Amino acid sequence: MNIYTMLLEATAGDSFVRLFTEMNAWTIAVFALGIIFCAIEMFVPGFGFFGISGTILIVAGIVLRMIFGGDLLMLLYMVLIALALFILMFWVFSRIITKGRLSKTALFHVESAVPTGVTEGTHDFTYLIGEVGVAETMLHPIGRASFSSGTADVVARDGYIAKGAQIQVVHVEGQRVVVVESDTNKKQ
């Protein structure tokens, strides 16, 4: 170990100790209030009063410490302490939301208000698969077709089907009924 390394370690240890022992009450109050405001901001979503004020107070606390006899290592320590506290607060907050009482409140439920899957307003066209019908309109590629069970809006898989042509349903995906021209039309 050379002298430069020993001097650096002695200065680093001294700076860390002096960071807390020589800190005045105003600096402690401003820095701590900034941390508290940032913690409140985690519970009140949005980058509002508490988030902006907390960030300003933390920076002001670091600047005050530098004005009242701080050095570069103290600046680094204070930034690292603030970062570590933010990470700790975020971890605690995320644990509270996912596993604590807050997870059971309506504020943190992330479910869709719109029902998923088939609902009352969604018709189930799967019964049409394989059924043969007649194109009521020209399918270019979208149009209307009639089947023995009624009429439906359909989509031609291959692009164009003439009005009056026989068609067959090959696929249904939700409300989308996909048809092809029937083999009996092609043989004629």
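## Exercises on helix packing and cores

The axes of α2 and helix α3 (residues 49-67) approach to within 7 Å and cross at roughly 155 degrees. The model is a predicted one, in which local features need pLDDT of at least 70 and side-chain atom pairs count only at pLDDT 80 or more, while totals for chains, interfaces and linings use all residues. Residues are numbered from 1 along each chain as its sequence is written, and side-chain values use heavy atoms, with hydrogens and water left out.

**Exercise 1.** Describe how α2 is oriented relative to α3, and give the classes of the residues in their contact.

*Solution.* Begin with the angle of roughly 155 degrees, which makes α2 roughly antiparallel to α3; angles under 35 degrees count as roughly parallel, over 145 as roughly antiparallel, 65 to 115 as roughly perpendicular and the rest as oblique. Angles run from 0 to 180 degrees between N-to-C directions, and the axes are lines fitted to C-alpha atoms, for helices over the stretch in contact. Next take the hand of the crossing of α2 and α3, which is left-handed (the near helix is turned anticlockwise from the far one by less than a right angle, whereas clockwise would be right-handed). Finally, by class, the contact of α2 with α3 has 15 nonpolar, 7 polar and 2 charged residues, where Ala, Val, Leu, Ile, Met, Phe, Trp, Tyr, Cys and Pro count as nonpolar, Asp, Glu, Lys and Arg as charged, and the others, Gly among them, as polar.

**Exercise 2.** Carry out the same analysis for helix α2 (residues 25-43) and helix α4 (residues 72-99).

*Solution.* The axes of α2 and α4 come within 11 Å and cross at roughly 30 degrees, which makes α2 roughly parallel to α4. The crossing of α2 and α4 is right-handed. On the α2 side, Phe31, Ile35, Cys38, Ala39, Met42 and Phe43 take part, and they meet Met78, Ile81, Ala82, Leu85, Phe86, Met89, Phe90 and Phe93 in α4, contact meaning heavy atoms within 4.5 Å. By class, this contact of α2 with α4 has 14 nonpolar, no polar and no charged residues.

**Exercise 3.** Is glycine 34 buried or exposed, and which residues does glycine 34 touch beyond four places away in sequence?

*Solution.* Glycine 34 lies in helix α2, and with a relative accessibility of 0% it counts as buried (buried means under 20% relative accessible area, exposed over 50%, partly exposed in between, with a 1.4 Å probe and protein chains only). Not counting residues up to four places away in sequence, glycine 34 touches Gly54, Leu57 and Ile58. Measuring C-alpha to C-alpha, glycine 34 and glycine 51 are 8.7 Å apart in space and 17 residues apart in sequence.

**Exercise 4.** Which residues of the largest nonpolar core touch the most other members, and which strands supply this core?

*Solution.* The largest nonpolar core has 16 residues, of which Leu139, Phe147, Ile167, Val177 and Val179 touch the most other members; such a core is a set of buried Ala, Val, Leu, Ile, Met, Phe, Trp, Tyr and Cys residues joined through side-chain atoms within 4.5 Å. At least two residues of this core come from each of β2 (142-147), β3 (150-156), β4 (166-173) and β5. Apart from this core lies another, of 12 residues, among them Ile35, Cys38, Ile58 and Met78.

Technical notes:
Helices (H or I, at least four residues) and strands (E, at least two) are DSSP runs, numbered from the N terminus.
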